[in-house]
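This report describes selected features of one protein chain, taking its charged pairs, strands, aromatic rings and cysteines in turn. The sequence and the structure are shown below.

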Amino acid sequence: TKLKKPRTKENSSSFHRLRRDEDANNNNHTTHKRSNMAETFGKILRSFLPETKPVDGLPSAITSDTKRDPNNMMKVAVWRGKERMVVEDLERPLITDPKDAIIKITSAAICGSDLHLYHEDFSGMHKGDVLGHEFMGFIEDVGSEVKNFKIGQRVVVSSVIACGYCEYCKQEKFSACDNTNTSKEMEALVGHRCAGFFGYS
């Protein structure tokens, strides 16, 4: 009968080191696998996306001059590096476009898109980026051209940012809006200009 070797402190430590090395290798393999899956997903999508249409003549749907109220702070979920999220204070945004609405977030969902950013599978992340793009809450302020929503109303917000008046939005194909996202990286990923996404683009 073969006797089992008694577990000593030395060989127990070696066992745990082996397990840690194995776990680290598995994590690296998983990260590489996720990155390959994202790239493959982009290639598959290209064949289903509509043909790019010019947006010349359409009013800009992108606000780049975000203004904030230094006297009114809010809590935000901030990306501070790979797999590191923190809650920080940030100045509350102000209306900068007549079609804007300010939403006080009460809850937000987490999906695979957030995990890609959390694990830094895609390039383009910057420390301090605010995440969260599928959410609900109450309307705190609206621009002068917002007619269908009122302050105090509870709303559920899609992750898609659509202009509402391009060719695709008129057909209610909001995720194909070609007037809210100028990112060349996302266009290269999916093979076509697509809509902007809260907390993602």
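## Salt bridges

A salt bridge is here a side-chain nitrogen of Lys or Arg lying within 4 Å of a carboxyl oxygen of Asp or Glu. The model under discussion is a predicted one. By this rule, the count of salt bridges comes to four. One of them joins Lys75 and Asp89, whose closest N and O atoms are 3.0 Å apart. Lys75 belongs to strand E1 and Asp89 to strand E2, so this pair ties together parts that are 14 residues apart in sequence. Lys75 is exposed, with a relative accessible area of 62%, whereas Asp89 is partly exposed, at 47%.

Strand E2 also contributes to a salt bridge through Arg92, whose side chain meets that of Glu140 at 3.1 Å, N to O. This pair links distant parts of the chain, with Arg92 in strand E2 and Glu140 in strand E5, 48 residues apart. Is Arg92 buried or exposed? With a relative accessibility of 11%, Arg92 counts as buried, because the limit for that class is under 20%. Its partner Glu140 is partly exposed, with a relative accessible area of 34%.

A further salt bridge is formed by Glu145 and Lys99, the closest N and O atoms being 3.1 Å apart. This pair, too, links distant parts of the chain: Glu145 lies in the loop between E5 and strand E6 (154–157), and Lys99 in the loop between E2 and strand E3 (101–108), 46 residues apart. Glu145 counts as partly exposed at 44% relative accessibility, and Lys99 is partly exposed with a relative accessible area of 47%.

## Strand pairing

Strands E2, E1 and E4 form an open sheet of three strands in the order E2-E1-E4, with antiparallel pairing. Which strands stand at the edges? Strand E2 (85–93) and strand E4 (129–130) each have a single partner strand, so one side of each is left without a neighbour in the sheet. Strand E1 (residues 68–79) pairs with E4 in the antiparallel sense over two bridges. Within E4, Val130 is the bridge partner of Val78.

Strand E5 takes part in pairings with E3 and with E6. E3 and E5 run antiparallel and are joined by seven bridges; here Ile103 stands opposite Ile139 in E5. The pairing of E5 with E6 is likewise in the antiparallel sense, over four bridges. In E6, Arg154 is the bridge partner of Phe138.

## The aromatic pair

A search of the whole structure finds one aromatic pair. The ring centres of Phe135 and Phe198 are 5.5 Å apart and their planes stand at 75 degrees, so the pair is edge-to-face. Phe135 lies in strand E5 (residues 135–142) and Phe198 in the segment after strand E8 (196–197); the pair thus links distant parts of the chain, 63 residues apart. Phe135 is buried, with a relative accessible area of 12%, while Phe198 counts as partly exposed at 30% relative accessibility.

## Cysteines and the nonpolar core

The largest nonpolar core comprises seven residues: Cys163, Cys166, Tyr168, Cys169, Ala176, Cys177 and Ala195. Cys163 counts as buried at 13% relative accessibility, and Cys169 is buried with a relative accessible area of 4%. Apart from its neighbours within four places in sequence, Cys169 is in contact with Ala162, Cys163, Gly164, Phe174 and Cys177.

How many disulfides does a search of the whole structure find? The search finds zero disulfides. Cys163 is in no disulfide, and the nearest cysteine sulfur, that of Cys177, is 3.8 Å away. A disulfide is a covalent bond between the sulfur atoms of two cysteines. The criterion applied is a pair of cysteine sulfur atoms within 2.5 Å. Why is Cys169 not bonded to Cys166? The sulfur of Cys166 is the closest cysteine sulfur to that of Cys169, but at 3.7 Å it is too far for a bond.

Key. Residues are numbered from 1 along each chain as its sequence is written. This is a predicted model: local features need pLDDT of at least 70, side-chain atom pairs count only at pLDDT 80 or more; totals for chains, interfaces and linings use all residues. Side-chain values use heavy atoms; hydrogens and water are left out. A nonpolar core is a set of buried Ala, Val, Leu, Ile, Met, Phe, Trp, Tyr and Cys residues joined through side-chain atoms within 4.5 Å. Buried means under 20% relative accessible area, exposed over 50%, partly exposed in between (1.4 Å probe, protein chains only). Contact means heavy atoms within 4.5 Å. Two strands pair if DSSP finds at least two bridges between them. Rings of Phe, Tyr and Trp (its six-membered ring) pair if their centres lie within 6.5 Å; planes under 30 degrees apart count as stacked, over 60 as edge-to-face and the rest as tilted.
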